[in-house]
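Me: Please take a close look at one part of this model for me, since I am new to it. I would like to know how that part is built and how it fits with what surrounds it.

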Amino acid sequence: RSLINGALPTAVRLGLYAGLRDIEMTWFCWNWMDWNHRVINIGETVCEVTGQSWIPKTHEARALDVKAEFVNYLKEERQRQQAQGLINQFVLPAGGNMNLEKCKLTPHQVENIRAACAVGQASRAQLAAEYGVSWNMINDIVQGRKWKINAGPSPYLGRPLQRDAPQKAFHKMMKQEGKVKKVGGKNTAEFTIYSLRHTYITRLLLPPNFGGAGLDIRTVQKRA
């Protein structure tokens, strides 16, 4: 949950339920959402902080209807970001509030975490879940790093993420889950963030008796 300020699950859903490209994920604004009609309107966007603009290619500017479950998830995610001081123009928040996660562990717990990792008793992900903190904090504890407390908001909050940020975060998550293997000397994941878009398109084409939407190719091309 710590990746992309806790918004990696949102990026995953943008791929699976809307088929967005990585660049579209990073520029996805809250005002793209038509909440009443459950429609995402992908179009030209200007960053309110930097003035930087993103203009989709003609065929990529489109309106996508999405399921009610996805809209409800986005509403909950918006509330989470508001509560954590992350809310800004973009749905996937860059930078973030650097004082969000203060160390709430006792010295005894810190030593237990270091000992557990030293002997291979538990993974960082397991310890993060057990102690209710992020994987990054567990990693910092093991590495002996200090945490930034009351550092204030990041200067990157309010700017779009770099285009490769969703894929980097997704790859890191896959690695944490043991889904990355060495292939030809390179770390290769079983799936990438772009795989989610492919899954979305495939489900549009599949007939209803196979769990798909049964749309024709021309309709799918307009949606994707």
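Reply: Helices (H or I, at least four residues) and strands (E, at least two) are DSSP runs numbered from the N terminus. With that in hand, a good place to begin is Asp-34, which is found in strand 1. This is a predicted model, in which local features need pLDDT of at least 70 and side-chain atom pairs count only at pLDDT 80 or more, while totals for chains, interfaces and linings use all residues. Residues are numbered from 1 along each chain as its sequence is written, and side-chain values use heavy atoms, with hydrogens and water left out.

For orientation, the protein chain has 224 residues, of which 42% count as buried, meaning under 20% relative accessible area, with exposed over 50% and partly exposed in between (1.4 Å probe, protein chains only). Its secondary structure comes to 9 helices and 7 strands, and the C-alpha trace spans about 60 × 40 × 35 Å along its principal axes.

The part I have chosen is the sheet to which strand 1 belongs, an open arrangement of 3 strands in the order 1-2-5 with antiparallel pairing. Two strands pair if DSSP finds at least two bridges between them. Strand 1 and strand 5 stand at the edges, each with a single partner strand, so one side of each is left without a neighbour in the sheet.

Taking the pairs in turn, strand 1, which covers residues 33-34, is joined to strand 2, residues 39-42, by 2 bridges, and the two run antiparallel. Asp-34 has Val-39 of strand 2 as its bridge partner. Between these two strands lie 4 residues of a hairpin, and in that hairpin Arg-38 takes a positive phi near 55°. On the other pairing, strand 2 and strand 5 (residues 62-65) meet over 4 bridges, again in the antiparallel sense. Two of the partnerships can be followed residue by residue: Asn-41 has Ala-63 of strand 5 as its bridge partner, while Ile-42 has Arg-62.

Returning to Asp-34, its relative accessibility of 25% is the reason why it counts as partly exposed. If residues up to four places away in sequence are not counted, Asp-34 touches Val-39 and Asn-41, where contact means heavy atoms within 4.5 Å. Asp-34 and Val-71 are 37 residues apart in sequence, yet their C-alpha atoms are 9.5 Å apart in space.

The sheet is also tied to the interior of the model. The largest nonpolar core has 45 residues, and those that touch the most other members are Leu-8, Leu-20, Phe-28, Trp-32, Ile-40 and Leu-74; such a core is a set of buried Ala, Val, Leu, Ile, Met, Phe, Trp, Tyr and Cys residues joined through side-chain atoms within 4.5 Å. Strand 2 is among the elements that give two or more residues to this core, together with helix 1 (8-18), helix 2 (22-27), helix 3 (68-83), helix 7 (165-176) and helix 8 (193-205). A second, separate core has 13 residues, including Leu-105, Ala-116, Cys-117 and Val-133.

Leu-20 shows how the larger setting reaches the strands. Leaving aside its neighbours within four places in sequence, Leu-20 is in contact with Ile-42, Arg-62 and Leu-64, and also with Leu-14, Gly-15, Met-25, Phe-28 and Arg-197.

A little further along the chain, Thr-45 is found in strand 3, which covers residues 45-46. Thr-45 is buried because its relative accessible area is 5%. Residues up to four places away in sequence aside, Thr-45 touches Trp-27, Cys-29, Trp-32, Gln-52, Ser-53, Trp-54, Gln-89 and Phe-90.

Arg-38 is not alone in its backbone angle, and it helps to know that most residues other than glycine have a negative phi. Ile-4, which is not a glycine, has a positive phi of about 50° and lies in the segment before helix 1. Ile-4 is buried, with a relative accessible area of 13%. Asn-5, also not a glycine, has a positive phi of about 55°, and its place is likewise in the segment before helix 1.
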